[in-house]
Amino acid sequence: MFEIDLNCSLFQVFRGTIADASDFDPTADAEALYNAMKGIGSDKEAILDLVTSRSNAQRQEVIAAYKSNFGQDLIDDLKYELTGKFERLIVSLMRTPAYHDAKEIHDAIKGTGTNERCLIEVLASRNNKQIHDMVAAYKDAYGRDLEEDVIADTSGHFKKMLVVLLQGTRDESGVVDADLVQQDAQDLYAAGEEQWGTDEAKFIMILGNRSVTHLRMVFDEYEKIAEMSIEDSIKNELSGDFERLMLAVVQCIRSIPMFFAKRLYKSMKGLGTADNTLIRIMISRSEIDMLDIRECFRLRYEKSLYNMIKDDTSGDYKRTLLNLCGGDDDLAGEFFPEAAQIAYKMWELSAMTRLRPTVRPASNFDPAADAQALRKAMKGFGTDEDAIIDIVARRSNAQRQEIRQAFKSLLGRDLMKDLKSELSKNLERLIIGLMLTPAEFDAKMMRKAMEGAGTDEHALIEILVTRSNQEIHAMNAAYQDAYKKSLEDAVQSDTSGHFCRILVSLVKGKVFQEFVKCSNKDIEQIIKKEMSGDVKNAFYAIGNNYFSLQTLFSFTLKFGLGTDDRALIRIMVSRSEIDLFNIRKEFKETHDDSLHEFIQGDTSGDYRKTLLILCGGED
């Protein structure tokens, strides 16, 4: 048994849209709010602008200063002066997170009927400290025990899982026991798919207590055993509110921002708006991960959260929500090509994801035998494409390089030239791409993106943004060797303006990843200090839009199939030994159908056969 410590503070960065206001003066704020509410009518703009530009901790100081200076309760005065959804939103912003959560849960279970979806959302998404603070706030506010009230208002396995979550005892150590990962995956399989009936207690114990990192690894192992995702198994084995709760827990384990992006979309789509859900999420996430939620929202629904709120709400209520949202991600298109908006959504989640390839080194590898087999497949009349595909697509790139060398040493021939003469069209491009080293392949793809009339900005951005400094340096050397010209010179001659300057910076191996490790506030300070004009605007778009590599590649594949085989080949070749399995999962999650199905339906012949081997399986 061994343990992996994955508790790294590197990733604890600020991703909210609301932060502490600088030069904060609670007494001045209290006076401004008092003046906004005295006399006939209220200055609602002054109220919403002040409240949404202060952090929750600062709002608590304003509440205390208001009582000290004016002898009145600020929340009572706000309730009196404001009305409707705007009043609910502003008053909720004035509560601490724990008391806000406590009130949401209280409202969900009081009276006749229960708002199970609210219970699920809150309890599935909060960490241990948030749960403990909420339980204490509930006791203080209502003089009742939250657990007892939940037990009285719910039933069955749904109730049991809620009680487990209310304990706030999920492992948060960040230490993963690899043996326990295997055991939990097997236990979940045995509790559901392997038997007639379901052992719900096992699902509750594992999903309610294990750490986030541990469970992500369990889900991967479970999929290998069951040959289906944990979500599909839950849908098969469970039902009703219990099923919805367990699916929410799994979604939050995988990605809390994506969970909330989906909840926000559902709150506003169709006729009417689920305003309580909208208010609850916009408030509770504004100081935590609203930037990430915005990015998930735009990527999944091809529309910014800002614009959906703008279209679905009105008045001061709308203005307050838009302030909490913090910006319109669709505006990035005014400053930078659409490809850049997608390509720069790349780093943070990727750094925390266990990367899984679909192509691995072949066992019992014999480069001489493979070289002889390839020669036989190309000798004489006709070509045995199946034999070529079976060897090339089922070897790692390092093994392919050994085959190239063996082919020349044993047969005195250049394997690449022979393959080019025997194959054609997309199959030839794909097989040759696989036989090149990663650096040679990237150099060739950069060359193709810039040759002829027009430039493929999507390809340039995708390659430069997603490669490490080491990979970029190797690509530079390969480009110089193959084309007798520096890659930097080629980029400068083929692009212009701020776009050119950004690409050249990336070609030089500038550490963009280190740049985005900064908090959003730090990034903005750097941009304000160091940049101006269009370059500043472009980097604002970049700095506010980084996301996971797997999401980027999933998106590019989706919109490349059928119209851009070069993009399809580029990604399938370059990611097959890195994270193509992750890309498959993201593709399925984002686009509903699987990458395997998409390739099956959009390509044909030996080209399709090779792509499906690289894909590595059906999801």
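**Close-up views of a predicted model**

**View 1. Arginine 356 and its surroundings.** In this predicted model, the side chain of arginine 356 makes a polar contact with the side chain of aspartate 220, at a distance of 3.4 Å. Arginine 356 belongs to the loop that runs between α22 (348–351) and α23 (367–378), and with a relative accessible area of 7% this arginine is buried, because the limit for that class is under 20%. When neighbours within four places in sequence are set aside, the residues in contact with arginine 356 are Asp220 and Lys224, together with Ile578, Asp579, Leu580, Phe581 and Asn582.

**View 2. The nonpolar cores.** The largest nonpolar core comprises 97 residues, and Leu207 and Met282 are the ones with the most contacts inside it. Helix α15 (residues 240–254) gives the most to this core, contributing nine residues. A second core, separate from the largest one, has 63 residues, among them Leu430, Leu464, Val504 and Phe587. In soluble globular proteins, nonpolar side chains tend to be buried together. For leucine 207, again without the neighbours within four places in sequence, the contacts are Met161, Arg170, Leu215, Phe219, Ile234, Met246, Val249 and Val250.

**View 3. Helix α4, its buried side and its N-terminal cap.** Within helix α4 (residues 74–81), the residues Leu74, Ile75, Asp77 and Leu78 are buried. Around the axis they cover an arc of only 160°, so they lie on the same side of α4. The elements that cover these buried residues include α1 (26–37), α2 (44–51), α3 (56–70) and α5 (84–94). At the N-terminal end of α4, aspartate 73 acts as a cap, with a side-chain oxygen placed 2.9 Å from the backbone nitrogen of isoleucine 75.

**View 4. A salt bridge between helices α20 and α2.** Arginine 319 and glutamate 45 form a salt bridge in which the closest N and O atoms are 3.4 Å apart. This pair links distant parts of the chain, since arginine 319 sits in helix α20 (residues 315–325) and glutamate 45 in helix α2, 274 residues apart. Arginine 319 counts as partly exposed at 29% relative accessibility, and glutamate 45 is also partly exposed, with a relative accessible area of 46%.

**View 5. A salt bridge between helices α5 and α17.** The side chains of lysine 85 and aspartate 275 meet in a salt bridge, with an N to O distance of 3.8 Å. Here too the pair links distant parts of the chain, with lysine 85 in helix α5 and aspartate 275 in helix α17 (residues 275–285), 190 residues apart. Lysine 85, at 36% relative accessibility, counts as partly exposed, whereas aspartate 275 is buried, with a relative accessible area of 13%.

**View 6. A salt bridge within helix α40, and a salt-bridge network.** Lysine 609 and aspartate 606 are joined through their side chains by a salt bridge of 3.6 Å, N to O. Both residues lie in helix α40 (residues 605–615), where they are three residues apart, about one turn of the helix. Lysine 609 counts as partly exposed at 36% relative accessibility, and aspartate 606 counts as partly exposed at 24%. Elsewhere, a network of salt bridges links Glu104, Glu121, Arg263 and Arg280. A search of the whole structure finds 34 salt bridges.

Terms used
Residues are numbered from 1 along each chain as its sequence is written. This is a predicted model: local features need pLDDT of at least 70, side-chain atom pairs count only at pLDDT 80 or more; totals for chains, interfaces and linings use all residues. Side-chain values use heavy atoms; hydrogens and water are left out. A nonpolar core is a set of buried Ala, Val, Leu, Ile, Met, Phe, Trp, Tyr and Cys residues joined through side-chain atoms within 4.5 Å. Buried means under 20% relative accessible area, exposed over 50%, partly exposed in between (1.4 Å probe, protein chains only). Helices (H or I, at least four residues) and strands (E, at least two) are DSSP runs, numbered from the N terminus. Contact means heavy atoms within 4.5 Å. A polar contact is a pair of N or O atoms within 3.5 Å; within protein, one must be able to donate a hydrogen and the other to accept it, and residues adjacent in sequence count only if both atoms are side-chain atoms. The arc is that of the directions from the helix axis to the C-beta atoms. A salt bridge is a side-chain nitrogen of Lys or Arg within 4 Å of a carboxyl oxygen of Asp or Glu.
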